[in-house]
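Here is a short briefing on one helix and the sheet beside it in the listing. Keep the sequence and the model open while reading.

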Amino acid sequence: MSGYNYNRQPLRITFGDATLWASIALGPFRRFLRLGTTGSDDELQELIGFSGPWVETQCATSLAERTMVLKVRIGDLYITDVNGDTFIELPNGPVTSVQSISWDGGSTSSTTLETDTLPERVKKPDDVAADALELTINYTCGRTTWADFTPSEQLAVMIVTSHFWQNRESVAVGTIATPMPFMLSYALAAIDRNPIS
């Protein structure tokens, strides 16, 4: 996300843990990798634990469910609709819910989340004190099960897992390092949420 600041300010975000990667059923991955036995399941499970988060990082997304904490300076917020309501962009979606928005001297759990925008955004509460400088937004993003992933998301994780399983490199090394075209670029592009790619 270099070159872009959410809400016109440096991104200050804390990522919660995602436990889904350690509990994904391995059957679909064995079929995708054409593994005939379960003898390598430990290695495969460990590799998925690297592959899933790698895809999330590359695509600025949260595939596995996790909680996030975002801090924003109120004075730098700039998205205002025709009704005069101010909105806060929430990075690393898809955002499923906003638990709370707090500020010095107050907080609310009654929030208005817009999920029809990319990135998703939440309305700044009307009752924020006029002298408040900063908001802290607690929200949840990602999916709770592998079955909840979109086909594009599943494909991206499987391709990355396959890529790592085969110990492939993304460049051919000779006199000049040249990027090698492979399906991974297309799989990641389908789910990429980076504001500037």
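In this predicted model, the buried residues of helix H2 pack against three helices, H1 (27–33), H3 (151–165) and H4 (183–191), and against strand E2 (66–73). The points below take H2, then E2, then the sheet.

**Helix H2**
- H2 covers residues 41–59, 19 residues in all.
- From first C-alpha to last it reaches 27 Å, close to the 27 Å expected at 1.5 Å a residue.
- Its buried residues are Asp-41, Leu-44, Leu-47, Ile-48, Ser-51, Gly-52, Val-55, Glu-56 and Cys-59.
- In an α-helix, residues three or four places apart point the same way, because there are 3.6 residues a turn.
- Ala-60, just after H2, has a positive phi of about 50°.

**Strand E2**
- Side chains alternate along E2.
- Arg-66, Met-68, Leu-70 and Val-72 point to one face and are buried.
- Thr-67, Val-69, Lys-71 and Arg-73 point to the other face and are not buried.
- E2 runs antiparallel to strand E1 (residues 12–15), joined by 4 bridges; Leu-70 has Ile-13 opposite.
- E2 also pairs antiparallel with strand E9 (residues 134–141), over 8 bridges; here Val-69 stands opposite Asn-138.

**The sheet**
- The sheet is open and has 5 strands, in the order E1-E2-E9-E5-E6, with antiparallel pairing.
- E1 and E6 (106–108) are the edge strands; each has a single partner, so one side of each lacks a neighbour in the sheet.
- Neighbouring strands are turned by 20° against each other on average, direction ignored.
- Strand E5 (residues 95–103) joins E9 through 6 bridges, antiparallel; Ser-102 stands opposite Thr-136.

Methods: Residues are numbered from 1 along each chain as its sequence is written. This is a predicted model: local features need pLDDT of at least 70, side-chain atom pairs count only at pLDDT 80 or more; totals for chains, interfaces and linings use all residues. Side-chain values use heavy atoms; hydrogens and water are left out. Helices (H or I, at least four residues) and strands (E, at least two) are DSSP runs, numbered from the N terminus. The expected span of a helix is 1.5 Å times one less than its number of residues. Buried means under 20% relative accessible area, exposed over 50%, partly exposed in between (1.4 Å probe, protein chains only). Contact means heavy atoms within 4.5 Å. Two strands pair if DSSP finds at least two bridges between them. Axes are lines fitted to C-alpha atoms, for helices over the stretch in contact, and angles run from 0 to 180 degrees between N-to-C directions.
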